[in-house]
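Grab a coffee and work through these exercises with the model open next to you. Try each task before reading its solution.

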Amino acid sequence: METSFLLAKINMLMTSDHSSVVSMNLFVALLCACIVVGHLLEEYRWMNESITALAIGLCTGVVILLTTEGKSSRLMVFSEDLFFIYLLPPIIFNAGFQVKKKQFFRNFMTIMLFGAIGTLISFGIISLGAVHIFQKMNIGPLEMRDYLAIGAILSATDSVCTLQVLNQDETPLLYSLVFGEGVVNDAASVVLFNAIKSFDITHINSRIALEFMGNFLYLFILSTMLGVLAGLLSAYIVKKLYFGRHSTDREVALMILMAYLSYMLAEFFYLSAILTVFFCGIVMSHYTWHNVTESSRVTTKHVFATLSFVAEIFIFLYVGMDALDIEKWGVVSNSPGKSIKVSSILLGLVLIGRAAFVFPLSFLSNLTRKSKYEKIDLKQQVTIWWAGLMRGAVSMALAYNQFTRSDAKLRGNAFMITSTITVVLFSTVVFGLLTKPLVRILLPSTKYFASTTSSEPSSPKSFTQPLLSNGHDLESHQNGKSILRPSSLHKLLSMPSHTVHHYWRKFDDAFMRPVFGGRGFVPFIPCSPTDQDDHQWL
């Protein structure tokens, strides 16, 4: 009896293992198909790889539904851990590693306005709208915590898709604003979501609101500091130990592991891992990357970009297949009209919520910008509003966390999950498809715009540039005319970006780079770039 039971158990495990192997083979084959199809459609102005992967995922889901007679639509179950622990870190880190740092820090206050204050405004509008409208529609038993959660869930923009639809070289200002906002926004949305789950929502008062804001600032500052410290530590270790004398593999491995360690430490201390790994990427591109050998520079640049690229494709393929999960749609299939109405209302709230902060905060930001070329005009504001409407895997993961932990088959929970999926699919496909044509229509003269707003290449991308630096000294020359650096407080406030840039470079050259390395401060060792190699990039 025991022998037959054991044999049956082994046979079941072998069958399960074999099914997993088959699923993984099919999924890897689909990833390859996404890359090939994306390459073939690269010149097509309406398409991008994220939408291609999403479409292939949906088609695959339909095929699986038909072959399993409506029992399943996916090869793997959507997992929050898989998304947040394995797929998101390489994407966010590479974005920080490749970002045009001068453009990002020049617009840092605007990015923070959009990412932090804007997220709170959007969260408030979506939550209030959901409370007032859905309570009258009788969509099922939902608590106040659920309504606030849906506000946080749909306030999270899709920074992954932004990377696909906006070009950093063609529209540097828009890219830095939309993507920078997206990173801060994702972090703020996750913080909001966790706060909603931990705070006592039944008795909201001014004290709880102040605690909430203090908690947000605490998380933001500590998360940023942790990322900076992890980046500086990696730079110091690489600079002092000269790994390149023996093995470039050790340098590459250390950079990858230190980046991932920063993310996991932030998770361990309940901080915002998204912000941590993003700023770790910025610091490592400024210091650590210049301390490694030439071959390690080339290797890390391509390794980080490749990991990010594969993770992006994986996410959209994953979301496309999981969106057709029959278990979620079965509960709301009896009232398709109400399901469409709920999804439409949420999509409308997303549109209104984003408009409610993009245009007013752009006006406030323009008050601090003296040059007309630095101001965000109406066409750029419309593009920023539109490009940030896409919702993605962060929204999906948070929705699953909130509405499947209790019971996904409850009517209210099923409506919220399916509506979130609908908003994600619609916004990614429709808004994603139309973003590139919209940029071409509203901002046709992007070449001049790019040359006036950012003349510096990304550090690892082009093998250049210190933090907050530019290939041309805009402080000394602009249109062939010399500009004196301001010395008084009044002039400091009237020309903040150039002056802060100047003093940062002095501080960086005098104190930071002699300790942590960086361009121009790397000692000569065998197999490393020579002084002549460095000078060719200056």
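**Exercise 1. Classify Ile221: how accessible is the residue, and which surface patch does Ile221 help to make?**

Solution. Keep in mind that we're working with a predicted model here.
- Step 1: Start with the relative accessible area of Ile221, which is 47%.
- Step 2: Compare that with the cut-offs: buried is under 20%, exposed is over 50%, and partly exposed is in between. Ile221 is therefore partly exposed.
- Step 3: Place Ile221 in the fold: the residue sits in helix 9, which covers residues 206-241.
- Step 4: Look at the company Ile221 keeps. Together with Leu217, Tyr218, Leu222 and Met225, Ile221 makes a nonpolar surface patch of about 470 Å².

**Exercise 2. Describe how helix 9 packs against helix 5 and against helix 8.**

Solution. What do we need for this? Two packed helices are described by the angle between their axes and the distance between the axes.
- Step 1: Take helix 5 (residues 108-137) and helix 9. Their axes are 13 Å apart, at an angle of about 140 degrees.
- Step 2: Name that arrangement. Roughly antiparallel needs an angle over 145 degrees, and roughly perpendicular covers 65 to 115, so helix 5 and helix 9 end up oblique to each other.
- Step 3: Add the handedness: helix 5 passes helix 9 in a right-handed crossing.
- Step 4: Now do helix 8 (residues 172-198) with helix 9. Here the angle is about 135 degrees and the axes are 11 Å apart. That makes helix 8 oblique to helix 9.
- Step 5: The crossing of helix 8 past helix 9 is right-handed.

**Exercise 3. What is unusual about the phi of Tyr270, and is Tyr270 buried or exposed?**

Solution.
- Step 1: Recall the background. Most residues other than glycine have a negative phi.
- Step 2: Check Tyr270: its phi is near 60 degrees, a positive value in a residue other than glycine.
- Step 3: Find Tyr270 on the chain. The residue lies in the loop between helix 10 (248-268) and helix 11 (273-291).
- Step 4: Classify the accessibility. Tyr270 comes out at 71% relative accessibility, so the residue counts as exposed.

**Exercise 4. How many salt bridges does the structure hold, and which residues form a network of them?**

Solution.
- Step 1: Get the total, which is three salt bridges.
- Step 2: Begin with Arg354 and Glu181, whose side chains meet with an N to O distance of 2.8 Å. This pair links distant parts of the chain: Arg354 is in helix 14 (residues 336-367), Glu181 is in helix 8, and they are 173 residues apart. Both partners are buried.
- Step 3: Move on to Arg513 and Asp509. Their closest N and O atoms are 2.1 Å apart. Both residues lie in helix 21 (residues 496-516), four residues apart, which is about one turn of the helix.
- Step 4: Add the salt bridge between Arg513 and Asp508, at 3.5 Å from N to O.
- Step 5: Put the pieces together: Asp508, Asp509 and Arg513 are linked in a network of salt bridges.
- Step 6: Sort the members by accessibility. Arg513 has 7%, so Arg513 counts as buried. Asp508, at 1%, counts as buried, whereas Asp509, at 31%, counts as partly exposed.

**Exercise 5. How far apart, in sequence and in space, are Leu173 and Ile376, Ile153 and Val394, and Leu410 and Val332?**

Solution. Take one pair at a time, and use C-alpha atoms for the spatial part.
- Step 1: Leu173 and Ile376 are 203 residues apart in sequence, while their C-alpha atoms are 9.0 Å apart. Leu173 lies in helix 8 and, at 2% relative accessibility, counts as buried.
- Step 2: Ile153 and Val394 are 241 residues apart in sequence, and the C-alpha to C-alpha distance is 7.8 Å. Ile153 belongs to helix 6 (residues 144-153). With 0% relative accessibility, Ile153 counts as buried.
- Step 3: Leu410 and Val332 are 78 residues apart along the chain, with 9.8 Å between their C-alpha atoms. Leu410 is in the loop between helix 16 (393-403) and helix 17 (411-442). At 39% relative accessibility, Leu410 counts as partly exposed.

Conventions:
Residues numbered from 1 in each chain as written. Predicted model: local features only at pLDDT ≥ 70, side-chain atom pairs only at ≥ 80, totals over all residues. Heavy atoms only, no water. Patch = residues over 30% accessible without salt bridge, like charges linked within 9 Å, V, L, I, M, F, W, Y side chains within 5 Å. Areas by Shrake-Rupley, 256 points an atom, 1.4 Å probe, with all protein chains shown as cover. Salt bridge = Lys/Arg side-chain N within 4 Å of Asp/Glu carboxyl O. Helix = DSSP H or I, 4+ residues; strand = E, 2+ residues; numbered from the N terminus. Buried < 20%, exposed > 50% of the residue type's maximum accessible area, 1.4 Å probe, protein only. Axes fitted to C-alpha atoms, helices over the stretch in contact; angles between N-to-C directions. Parallel < 35°, antiparallel > 145°, perpendicular 65-115°, else oblique. Left-handed = near helix turned anticlockwise from the far one by under 90°.
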